[in-house]
Amino acid sequence: MKITVKLIGPFIYAAAFSEKEINIPEGSTIESLLSLVKLAESRPKVITRNGKAIAPGETLEDGDRVVISPLYSGG
Amino acid sequence: MLGWTGHMLRVNLSSRAAETETYGEEFAKKWVGGRGFAAKILWDELKPGIDPLGPENKFIVALGPIAGIPAPNTGKAVVAGKSPSTGGYGDGNLGTRVAEQLRRAGYDALIVEGKADRPTLLYIEDDRVEFLPADEVWGKGTYETNDWIYAKYGKSVGVLNIGQAGENLVRYAVVRSLEGRAGGRTGMGAVMGSKLLKAIVVKGTKAIPQADPAGMKKAGYDDLRRVHQIDKETGWSIQSTTGVLAWCNEVAALPVRNFRKTHHPDAWKCDGERLNNARIATYGCPNCTMRCGITIHDDEGRESELDYENIGLLGPNLEIFDLPEIGSLNYLCDDYGIDTMSGGCVLSFYADAVDHGAAPGDFRFGDAAAAKVLFAKIARREGEIGNILAEGCLRAARTFGHGSEDYAMQVKGLEVAAYNCKFIPGMALAFGVSPIGAHHKESWVITFELKQTSRDSYGPEKARKVIDLQRIRGGLFEYIVSCRFPWIELGWDLENYPKYFKLASGLDWTLDDFWTVSDRIYSLIKLFWLREYPRTNRRVDYPPAVWFDPANADTEGPIAGKVLDYDKYDGLLQHYYDLRGYDRRGIPTKATLERLGLAEEGKEAEAHSFLA
C-alpha cells in the first residue's frame, strides 16, 4: 500500500526529503513505516495520521498521510 | 546584594528630572526583575482608571538578574505599562542591547513618567541623563530612526524606538530595536508615543554585579557554545519558528481567512521550507547562538525579517500565500512600528467584516496591495477607516456592530496569536487566561494536546499543563529576563537557570522557589485587572465566540464538524481556577494572596471589589 510521508522543519534536512510516497506491505504499523525514514530514534516526535494523533502500534491504511514533526513548542 | 544593581532610574519627561532610586534585597527576592518589577511598580504607582495614553501612565523598561550577562540568551528587555489595547496590565519583551547597556549604566529598571513638550530622545550614559530633541525623526519609520541614532552614537549603544504607529497612538504599536526585533504588542509603542518619547538610547560602562563573575563567565560562554552546537545538531534554526507552519496546516491549527479555516492547500507556498530557500541573511538578538531571524527580499526588494507569527497572521490569515508579498507587509509593520500579529488580525477582521456587510469598504482577503495601503492609513490614523482600525479588533467591532464582535479575534482586547484553536481546548484556555490578552508567549500546549492527551479532552491535565508552562514561559523567562528558546526549542535543561541565577546572585534557589515568584506575579497582575475592571468575571477569560460557533466548523479535514463546547470550556476554566487558587470569577482568593505574600495588595484590591 502507498503511504504519503510528510516531514516537518529540520526533519526534512535530516532525512533528505520533504514529502514522498512510500510503499509498505498491507497491515504495516506506524513503527514499520518509521523504520524506513532515517530519523534518529532519540529525537522526540509528534506523529499524526490524516491530521490526527497516532497511537503506538496503530495499523496504517492505503492512502494515509503521515506527518512526522519535531516536538514544536510554539516559539 | 549581588546579582542586582539595586538601582532604578526614574525619569520625568514633564519636568526633565532624573533620579536614581535604590531598592533592597527584599524587593529583589520577591519580584526578581523584568515582569515582576514592572507589575509591582505599576501596581504601586498607577491610579486605577488612568488613561493609558495620558501622562499619568508610566513606561517601564525592566531587566533581570542575568539580563545582559553573556549566557544563553540574555539580550532581552521587558517593556511595560498600562495597556492601551486592553486597559489592563501590559508588557512585552524584545531583543535589544539595552539589556546589557542599562545594566552597565547601573540600573535594573527605567521608569519613564510624564510627557515631553516636544519629540524627545532620552539619552542615558551611566549617571548622565539627557533630554534631546528628536523632531528630525518624528514622523519617520523605525529603520530610518535607528540609522539616525546609530549615525550619532555608533552601533554599540542600546536603542528602543517607535515608528509612526507609536507616534499616532495606534493601540497595538510596538517598541522596536534593530538589535533584536519588536516587543510590547500590548501597545507599549503607543505609550512611548503618548509621551512624545521617540527613542531611548543607553550606554553603560560599569561592571554588572555578580556573585561569581569568573564562574558566570565560564558557564555563560561554555553554554552559549553548547546551545549553538545543539542547534546545529538538531537543525532547528534552518527554519526556526517557521517550521511549525506546515505542521499547523496538517493538524488544522493554522489561522486562515480570519481564523475561519484551519488549513489551506496553498499554505506550503509560505512555509519554513520555502522561507529557508529564499533566505538572504540570518539575525539574532544579543547573546544568542541559535539565531531565529530569517530575512528575505520582499516584493519591493527590501530586506524583511520573518518568523512564524508574522507569516501566519499576515499571510494565510489574510489568504496571502506569496512570501515576498507577506515580507512586504511585515516590512511595513516593522517600519511603522505596528505589531505584526495584531496588524494581521485587524486586517483579517476587517476583510471578514466587509465580507459580512458589517463594515464599509471593498477590502478583500488576498489583496496584498490594499493591505499595504491600509497599514499606511492605520499608522497615520488616516481617514475614518484608518482611525477605526488603529483602535484594534475589539473597538473596531464595537464601531462596526452587526455582531462583528463575535469574529473579532481577540481576548481582553489583545488580538490572537497565530494558532487556530477552533478545536484545541487547552490552547484556547492558554489564550483565555493569558495575563495580557491572547498572546502565545505565556503558554503553548498544542503538541501536548495532540501527543500526550486527547485533542477533545477538557480535563484538568490541560489546565495543569497551561499553569506549568505559564510558570516557566510567562514567569521565569519574563522576570529573569532571558529568551525561552534554548529551553523550549532545543531542550536546554531548565535547571541551568537556577545555576545562572546562583552565579549572578549567590542565592541557591530551586525551581519551586521560582514557581512561587511566578504565581505571585500572575496573581498581582490579576489584581491589577480587578482594580481596573471591578466587575470582572470569568467571561473575560473566554476565547473569541466564533470558536464556539457550529456554523464555523470545518467542513472537511481532521476536525470537520467540530468546534469548542461552551460548557466544557467553562469546566476547563474552572479546573484552571481551582488549581490556581482563584475564585469563580477568576480572582485569587484571600488565602491564595496570603500564601503568595500578597496580603497587602489584597487589602488594596478589596477596596475595589470583594475577595473570596
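In this predicted model, strands β1 (residues 7-12) and β2 (residues 17-22) of chain B run antiparallel and are joined by six bridges. One pair in this ladder is R10(B), which stands opposite E19(B) in β2(B). The two strands form a hairpin with four residues between them. In the turn, R16(B) has a positive phi of about 55°.

β1(B) also pairs with strand β6 (residues 109-113) of chain B, here in parallel, through five bridges. V11(B) of β1(B) stands opposite V112(B) in β6(B). Strands of a sheet pair through backbone hydrogen bonds, either parallel or antiparallel.

Chain A contains an open sheet of five strands with mixed pairing, in the order β2-β1-β5-β3-β4. Its edges are β2 (19-23) and β4 (52-53) of chain A; each has a single partner strand, so one side of each is left without a neighbour in the sheet. Within the sheet, β3 (residues 45-49) and β5 (residues 65-70) of chain A run antiparallel and share five bridges. I47(A) has I68(A) in β5(A) as its bridge partner.

The strand pairs described above are listed here.

| Strand pair | Direction | Bridges | Facing residues |
|---|---|---|---|
| β1(B) and β2(B) | antiparallel | six | R10(B), E19(B) |
| β1(B) and β6(B) | parallel | five | V11(B), V112(B) |
| β3(A) and β5(A) | antiparallel | five | I47(A), I68(A) |

Two helices of chain B show a buried side and an exposed side. Helix α7 (residues 213-234) of chain B has 22 residues, which at 1.5 Å a residue should span 32 Å; its end C-alpha atoms are 31 Å apart, in agreement with that value. Buried in α7(B) are M216(B), A219(B), G220(B), D223(B), L224(B), V227(B), D231(B) and T234(B). Because these buried residues fall within an arc of 135° when seen down the axis, they line one face of α7(B). The face turned away from them carries the exposed residues A214(B), K218(B), Y221(B), D222(B), R225(B) and Q229(B). The cover over the buried residues of α7(B) includes α8 (236-239), α20 (485-490) and α21 (496-505) of chain B. G235(B), with a positive phi near 75°, follows the helix.

In helix α25 (residues 599-606) of chain B, the buried residues are E601(B), G602(B) and A605(B). They cover an arc of only 105° around the axis, which puts them on the same side of α25(B). A599(B), E600(B) and K603(B) are exposed on the other side. Elements covering the buried residues of α25(B) include α2 (34-45), α22 (511-532) and α24 (590-595) of chain B. An α-helix has 3.6 residues a turn, so residues three or four places apart point the same way.

Note on methods. Residues are numbered from 1 along each chain as its sequence is written. Chains are lettered from A and ligands numbered from 1 in the order in which they are written. This is a predicted model: local features need pLDDT of at least 70, side-chain atom pairs count only at pLDDT 80 or more; totals for chains, interfaces and linings use all residues. Two strands pair if DSSP finds at least two bridges between them. A residue is buried if 20 or more other C-beta atoms lie within 10 Å of its own, exposed if 12 or fewer, and partly exposed in between; C-beta atoms are placed from the backbone. The arc is that of the directions from the helix axis to the C-beta atoms. Two residues are in contact if their C-beta atoms, placed from the backbone, lie within 7 Å. The expected span of a helix is 1.5 Å times one less than its number of residues.
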